[in-house]
Amino acid sequence: MYTLPNLPYTYDALEPHIDAETMRIHHLKHHQAYIDKLNAALEKYPELQTQKLEKLLQDLNAVPETIRTAVRNHGGGHWNHSFFWQILTPPNQNQGSTLGDKGRTLKSIMEKNFGSVENFQNQFQEAALDHFGSGWVWLIKRQDGALVIMSTANQDTPFDRGQPILGLDVWEHAYYLKYQNRRADYIDAFFKVINWQMLTVLLTKKD
Ligand code: MN
């Protein structure tokens, strides 16, 4: 049975960019609800409970039809949120000058793929603003090594397209308490709490 993973920081650690109340509700209520509904869907299928979640999500056609949508939505919700918490960090940690050599590596990878770090940020922000409705925006490392920005609807996961490097939750529940309809401000805030060290680790990981 799946359980809620602990956050690698406290609920108020991302203040003032992402507020403690949003983090608390997002983690304890929304993420927990995906896990509860995923567990409920898998209850009658012990053979599926022992499989890796990524495998279930990558091969949804192998999941019985009666629970396929539940696994897609709630399994995807569990996977996406578990990833999301890992790529956030308190402001000024794992960022900027604290990155050292990793920062130089990251910069050269971004320049190679997007021309500059700023271009990457602009393209990612644009994709996050343009995404209609609930979903996620991703930076993906494709099999051929190229980095691409893409989005998924609802709680669909991105790994059929490659290895996820960065993901942004653009569901309103991720920002509405603090930012209401101002998604652009939320996206700006997100960029202040990205764990660039984690990104560099994911980018340079050998497959
Ligand atoms: Mn969410």
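These notebook entries record what I looked up in a predicted model.

**Entry 1. The manganese site**

I began with the metal and listed its protein donors. The manganese ion is held by His26 (NE2), His81 (NE2), Asp169 (OD) and His173 (NE2), at 1.9 to 2.1 Å. I then noted the spacing of these donor residues along the sequence, which reads H-x54-H-x87-D-x3-H. For two of the donors I also looked up accessibility: Asp169 and His173 are both buried.

**Entry 2. The sheet**

I next traced the strands. Three of them make an open sheet, ordered S2-S1-S3, with antiparallel pairing. Strand S2 (147-153) and strand S3 (163-169) each have a single partner strand, so each of these edge strands has one side without a neighbour in the sheet. I recorded the average turn between neighbouring strands as 25°, direction ignored.

I looked more closely at one pair. Strand S1 (residues 135-141) is joined to S3 by six bridges, and the two run antiparallel. Within this pairing I followed Trp138, whose bridge partner in S3 is Gly167. I also looked for a helix against these strands and found H4 (residues 65-86), which lies across S1 and S3 and runs at about 90° to S3.

**Entry 3. Helices H5 and H6**

I turned to a helix pair. Two packed helices are described by the angle between their axes and the distance between the axes. For helix H5 (residues 101-114) and helix H6 (residues 117-130), I noted an angle of about 65° and an axis separation of 8 Å. The crossing of H5 past H6 is left-handed.

I then listed the residues that meet. H5 contributes Lys107, Met110 and Phe114, and H6 contributes Val117, Asn119, Phe120 and Gln123. Sorted by class, this contact comprises four nonpolar residues, two polar ones and one charged one.

**Entry 4. Val117**

I singled out one residue of this contact, Val117, which lies in helix H6. Is Val117 buried, exposed or partly exposed? Its relative accessible area is 25%. Because buried requires under 20% and exposed over 50%, I entered Val117 as partly exposed.

Which residues does Val117 touch, leaving aside those up to four places away in sequence? I found Lys107 and Met110, both of which are listed on the H5 side of the helix contact. I also checked the separation of Val117 from Lys107: the two are ten residues apart in sequence, and their C-alpha atoms are 6.4 Å apart in space.

Terms used. Residues are numbered from 1 along each chain as its sequence is written. This is a predicted model: local features need pLDDT of at least 70, side-chain atom pairs count only at pLDDT 80 or more; totals for chains, interfaces and linings use all residues. Side-chain values use heavy atoms; hydrogens and water are left out. Axes are lines fitted to C-alpha atoms, for helices over the stretch in contact, and angles run from 0 to 180 degrees between N-to-C directions. Helices (H or I, at least four residues) and strands (E, at least two) are DSSP runs, numbered from the N terminus. A crossing is left-handed if the near helix is turned anticlockwise from the far one by less than a right angle, and right-handed if clockwise. Contact means heavy atoms within 4.5 Å. Ala, Val, Leu, Ile, Met, Phe, Trp, Tyr, Cys and Pro count as nonpolar, Asp, Glu, Lys and Arg as charged, and the others, Gly among them, as polar. Two strands pair if DSSP finds at least two bridges between them. Donors are N, O and S atoms within 2.8 Å of the metal (3.2 Å for Na, K and Ca); water is not among the atoms, so sites may look incomplete. Buried means under 20% relative accessible area, exposed over 50%, partly exposed in between (1.4 Å probe, protein chains only).
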